[in-house]
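Colleague: Could you take a close look at one part of this chain for me, and tell me how that part sits in the whole? Plain words are fine.

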Amino acid sequence: LLFAWAFVARTRFIYAAARTAVIAVGFGVAVGLYAGPFNLALDVLLFCAAAVGTLLALRIFESSRRRLYFQELVIRDQTALLEQESVKSEQLILNILPASIAARLRDGEESIADEYPMVSVLFADIVGFTPLASRLDPRGVVGMLSWLFSAFDDLVADRGLEKVKTIGDSYMAVGGLDGDPADQAVRVVGLGLDM
């Protein structure tokens with residue numbers, strides 16, 4: 001029963017080994033002081049088998065618990081990293097596509113082709129970008145485009161229009177996907193002037 005208690009209590013191996021040593025000393029004293037008519041060889045054999053078996057089983061059990069614990073830590077870390085990467089990829093998709101299209105792609109829609117009877121499309125391009133980019137280092141080019149396109153994104157959002165995509169130094173936005181097409185056209189012109 002004392003050995004079985006190690007499993008029920010989930011005792012650490014080192015404590016179970018110490019307890020087994022104390023029990024073994026007590027059992028050895030009891031066997032040494034026994035003056036009865038019976039031979040205790042079978043009792044000693046059963047005691048030793050129980051002690052060794054229990055300690056071996058506890059060692060295996062503790063090793064598997066530790067392995068599971070470390071696996072849980074790794075899984076937790078990997079889950080956190082996956083969530084971070086998911087947020088990054090979501091931001092990347094939203095930088096390339098309108099939110100409504102990104103949501104439809106996430107929902108599994110493969111071929112997205114909508115018809116709009118009247119839209120206004122704005123193409124913006126940086127004049128003299130190639131010579132400018134040749135004078136800047138890569139970080140400078142990316143930083144300039146990031147700053148500029150973030151400002152463009154804010155202007156598009158303020159006017160209730162849709163950003164379609166950016167390619168290099170080109171920026172594309174559209175109006176007329178919802179609402180009054182004439183009003184949207186005026187907003188697109190205003191967006192171009194603000195840019």
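Modeller: Let's start with charges: Lys and Arg count as positive, Asp and Glu as negative, while His and the chain ends are left uncounted. Each charge is placed at NZ of Lys, CZ of Arg, CG of Asp or CD of Glu. On that basis, the mean positions of the 17 positive and 23 negative charges of the chain lie 17 Å apart.

Bear in mind that this is a predicted model, where local features need pLDDT of at least 70, side-chain atom pairs count only at pLDDT 80 or more, and totals for chains, interfaces and linings use all residues. Residues are numbered from 1 along each chain as its sequence is written, and side-chain values use heavy atoms, leaving out hydrogens and water.

Now the close look, at valine 22. It belongs to helix H2, residues 13-33 (helices are DSSP runs of H or I, at least four residues, and strands are runs of E, at least two, numbered from the N terminus). Valine 22 counts as exposed because its relative accessibility is 59%; exposed means over 50%, buried under 20%, and partly exposed in between, with a 1.4 Å probe and protein chains only. Across the chain, 20% of the 195 residues count as buried.

How far is valine 22 from alanine 157 in space? C-alpha to C-alpha it's 76 Å, with their positions 135 residues apart in sequence. As for the backdrop, the C-alpha atoms of the chain fill a box of roughly 110 × 45 × 25 Å along the principal axes. The chain has 7 helices and 3 strands, in the order α-α-α-α-β-α-α-β-β-α.
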